[in-house]
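Reader: I've got a model to go through with you. Mind if I fire off some questions about what packs against what?

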Amino acid sequence: MTAGYLAGSIALVGFGLDSVIETVSGAALLWRLRQRGAGETKAEERASRIVGITFFVLAAYVTYESLSDLLFQARPRASLAGLILAAVSLIAMPWLGHAKRRVAHRLGSRALAADGMESYVCSYLSLTLTFGAGAERMGRLLVG
């Protein structure tokens with residue numbers, strides 16, 4: 001998030017926020033998976049709600065910042081650190097999302113399946129960030 005703020009990149013800040021959201025979601029799922037017995041169904045419901053809330057938080061943030069940047073015609077600057085983080089995430093997150101969804105199917109956990117989808121969303125953010133920041137960086141190199 002710091003690299004995105006310094007670069008003035010909504011995409012990179014959003015990517016960092018998504019990482020925070022992934023951590024919150026992961027913590028909720030870790031708690032849920034430790035629940036056994038009578039409280040397991042209630043824990044699944046709570047974890048599903050938490051994961052759902054994290055989706056809305058990310059969507060609200062990206063929407064607000066995108067509209068703000070469009071309104072004020074803000075221009076982001078690319079960050080090498082951001083490009084590297086996005087590229088690593090672009091490789092890791094689809095694999096992680098697939099693995100989470102496979103385990104969710106075996107466990108019958110809707111919360112874990114939703115978290116797997118959140119990992120896929122993170123990979124889409126990584127793709128747009130890598131493409132946009134890379135294009136901006138190439139443009140600066142070509143223009144001088």
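Reader: Which side chain does the side chain of Asp115 join in a polar contact of 2.4 Å?

Author: Keep in mind that this is a predicted model. Asp115 sits in helix α5, and its contacts beyond four places in sequence include Glu22, Gly26 and Ser25. The 2.4 Å polar contact runs from the side chain of Asp115 to that of Ser25.

Reader: And how long is the polar contact between the side chains of Asp115 and Lys100?

Author: Lys100 is also on the list of residues in contact with Asp115, along with Leu29 and Val51. The side chains of Asp115 and Lys100 make a polar contact too, at 2.6 Å.

Reader: Is Asp115 buried or exposed?

Author: The cut-off for buried is under 20% relative accessible area. Asp115 has a relative accessible area of 2%, so it counts as buried.

Reader: Which helix gives the most residues to the largest nonpolar core?

Author: That core has 7 residues, namely Leu29, Ala47, Val51, Ala104, Ala111, Leu112 and Ala113. Both α3 (40-72) and α5 (110-143) supply at least two of them. The top contributor, with 3 residues, is α5.

Reader: What does Leu112 touch, leaving out residues up to four places away in sequence?

Author: Leu112 is itself a member of the largest nonpolar core, as are Leu29 and Ala104. Its contacts take in those two, and the full set is Leu29, Lys100, Val103, Ala104 and Leu107.

Reader: How many residues are in the second, separate core?

Author: Among its members are Leu12, Ala86, Cys122 and Leu129. The total for this second core is 6 residues.

Definitions and conventions:
Residues are numbered from 1 along each chain as its sequence is written. This is a predicted model: local features need pLDDT of at least 70, side-chain atom pairs count only at pLDDT 80 or more; totals for chains, interfaces and linings use all residues. Side-chain values use heavy atoms; hydrogens and water are left out. A nonpolar core is a set of buried Ala, Val, Leu, Ile, Met, Phe, Trp, Tyr and Cys residues joined through side-chain atoms within 4.5 Å. Buried means under 20% relative accessible area, exposed over 50%, partly exposed in between (1.4 Å probe, protein chains only). Helices (H or I, at least four residues) and strands (E, at least two) are DSSP runs, numbered from the N terminus. Contact means heavy atoms within 4.5 Å. A polar contact is a pair of N or O atoms within 3.5 Å; within protein, one must be able to donate a hydrogen and the other to accept it, and residues adjacent in sequence count only if both atoms are side-chain atoms.
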